[in-house]
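The following note was prepared for a colleague who wished to have the helix packing and the internal spaces of this model set out point by point. It is best read with the structure open alongside.

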Amino acid sequence: QSSSYWLKSTRAGRRPGDGSGRLRPGMIQYDEDWLLPLLFRQEGSVYVRASLWAFPSAALSVALVFLGEHFPAQLEESGYGIFKNTVLWSALTAILFTLMSFRTGQAFARFWEGTGLLHQMKGEWFDTVSNSITFTIHTGNKDPSKKPAVEEFRHTLVRLMSLCHCSALEEISGLSSVLETIDVMDLSNDVLSHVKNCVEDLGFNKVEVLVHLIQSVITDAHETGVIQIPAPILSRVYQTISRGYVNLLNTKKIADTKFPFPFVQIIAFLLILYTVITPIVLTSLIQHVVWAPALTWIPVFASHALNIIAIELEDPFGSDDNDLPLAHFQSEMNRCLLMLMHPGTDTIAGCSDHCITDFTQLLDSVDLSGHPVKEAVCVSNEKGAAPGTKPRRISSVHLFDPSFDPDDDPRSRSEGSFHSSSNEEDMFSERNHVTDQSRSSSPVQLGRPGTRQGPPRDPAVLDDADLQRLRLKSTEDFHNSLLSWKTKIEEQVQDMGQHFMSVGTLTHRGASATAPLVPG
């Protein structure tokens, strides 16, 4: 539910008309493989707004062409002919587009910095909640009486952080609260009354109030034993809260600081002047009822389009088509926080009892060729596998296959239990293949006692002599490559020398032929 249900935005009205707007659910998605669909897409386009300036300018050029055909004398008497000298128009164009390039570059820098700061703020605050919940994993196991306190701490922290992140996005956007939060109304009445009083009655900043509440909840949990972690380690949580808030302040810097007014004023003046002068200059050179307005429309449209794009990118927080998707950012944060409340979030990762612990066998089971796996394979040389069969890993992509059951151990099946692709049959290259016939001695055993170990491997597969031959072969190849490069460079230098000698000879002959004759 939206936080506007019980709290008003502290900065609504930063931009007129935005209070009732709806934030974008995501960035505009497009595909550049085909250019024509991009040309006729209306969402996020500046065609219409730029054309509102370009079409009047083109209409003025049509009127000037008409006057030039029917009233040429009167048009010349008005001084129309001086615009045939395009120096003034060229200077105006150069100055205008220089300013426009500067403004567009600054606008994109603000846009890119804004999205970077929002992602950093989300990452820092999610790290805060994740660390805090991780620190409470063993509290309930050590003292079952504290399990209710642990659950209350986690739910309170998740709701406060969701509301804090939501309030931060609403504050920088200037929109009245339209973002979703995680079950705000189930916070205690004391918390809701305190925040409402601080924000609406006393005018305090809502984000700062919530940040303080989050720090107070974490501190109280540490003092009451809900978080049983040394204080120096817990200090990391406060650091992430602080860094997230600093990122918010840097984001507000972008929202509160507009492009300097003198630049905007000069650009607006030059744009209007350019819109009027361009049809006059072009019609003085091109007296054609079609080409004159067409060639007038293009530069005027381009200049106004760049200016509109810069205006949109300068303030990327809002409800415009090209603004950042703040609603999507909040939805991602809520999804991350809800993940921390999942019943399995306290699961401690580990390996199965039949995991491969022998390094040699584990190395052979991994494809290091760099080729992508197109189809998952679940095959092992465990029970029922043919002798000499290389072990196959469970591909990571198969883990997310709907038909995959983690409780049904694929390693206990025969090789024919699962289908494999042709790419997987060639997964292991010849350099990693070790046959059972060459295995005669046991490698160093790794892992827990009683754990399944890999088959013995002959240490002579890669002995010192093999390594020495590989080093010599690599050195020889490198030496041959250097010799080849040296030969090519010498040939190129020789060709360049001959070329320069030819040019010098031709120059000397030309100078001799054109030299004045000196009387004897």
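**Notes on helix packing, the largest pocket and a cavity**

1. Helix 8 (residues 206-223) packs against helix 9 (residues 231-256) at an angle of about 175°, and their axes are 12 Å apart. Since angles over 145 degrees count as roughly antiparallel, helix 8 and helix 9 are therefore roughly antiparallel to each other. The model is a predicted one, and the values in this note should be read accordingly.

2. The contact between these two helices can be followed residue by residue. On the side of helix 8, V207, E208, V211, I214, Q215, I218, T219 and H222 take part. They meet A231, L234, V237, Y238, I241, Y245 and L248 in helix 9. Sorted by class, the contact of helix 8 with helix 9 holds eleven nonpolar, three polar and one charged residues.

3. A second pair is formed by helix 2 (residues 47-70) and helix 11 (residues 291-314), whose axes come within 8 Å and cross at roughly 155°. Helix 2 is therefore roughly antiparallel to helix 11. The crossing of helix 2 and helix 11 is right-handed.

4. Which residues of helix 2 and helix 11 meet? From helix 2, the participants are Y47, R49, A50, S51, W53, A54, F55, S57, A58, S61, V62 and V65. Their partners in helix 11 are A292, P293, T296, W297, V300, F301, H304, A305, I308 and E312. By class, 15 nonpolar, five polar and two charged residues make up the contact of helix 2 with helix 11.

5. Helix 6 (residues 147-173) and helix 12 pack with their axes 10 Å apart, at an angle of about 170°. This angle makes helix 6 roughly antiparallel to helix 12. In helix 6, the residues V158, M161, S162, H165, C166, L169 and S173 meet L326, F329, Q330, M333, N334 and L337 in helix 12. The contact of helix 6 with helix 12 has eight nonpolar and five polar residues by class, and no charged residues.

6. Turning to the open spaces, the largest pocket has a volume of about 660 Å³. It is lined by 19 residues, of which Y30, E43, G44, S45 and N322 are the closest to its centre. Helix 1 (35-39) and helix 11 each supply at least two residues of this lining. Helix 11 gives the most, with three residues. The lining of the largest pocket divides into ten nonpolar, three polar and six charged residues.

7. Turning to the enclosed spaces, the count comes to three cavities of 30 Å³ or more. The second largest cavity holds about 50 Å³ of space. Its lining is made up of L118, H119, K122, H165, F329 and E332. By class, these are two nonpolar, two polar and two charged residues.

8. Where does the lining of the second largest cavity come from? Helix 4 (87-134) and helix 12 (326-340) each supply at least two of its residues. The largest share, three residues, comes from helix 4. Two of the lining residues, H165 and F329, also appear in the contact of helix 6 with helix 12.

Conventions:
Residues numbered from 1 in each chain as written. Predicted model: local features only at pLDDT ≥ 70, side-chain atom pairs only at ≥ 80, totals over all residues. Heavy atoms only, no water. 1 Å grid on protein atoms, 1.4 Å probe; cavity = no way out; pocket = protein on both sides within 12 Å on 5 of 7 lines; lining within 4 Å. Points joined across faces, edges and corners; volume = space filled by probe spheres on them. Helix = DSSP H or I, 4+ residues; strand = E, 2+ residues; numbered from the N terminus. Nonpolar A, V, L, I, M, F, W, Y, C, P; charged D, E, K, R; others polar. Axes fitted to C-alpha atoms, helices over the stretch in contact; angles between N-to-C directions. Parallel < 35°, antiparallel > 145°, perpendicular 65-115°, else oblique. Left-handed = near helix turned anticlockwise from the far one by under 90°. Contact = heavy atoms within 4.5 Å.
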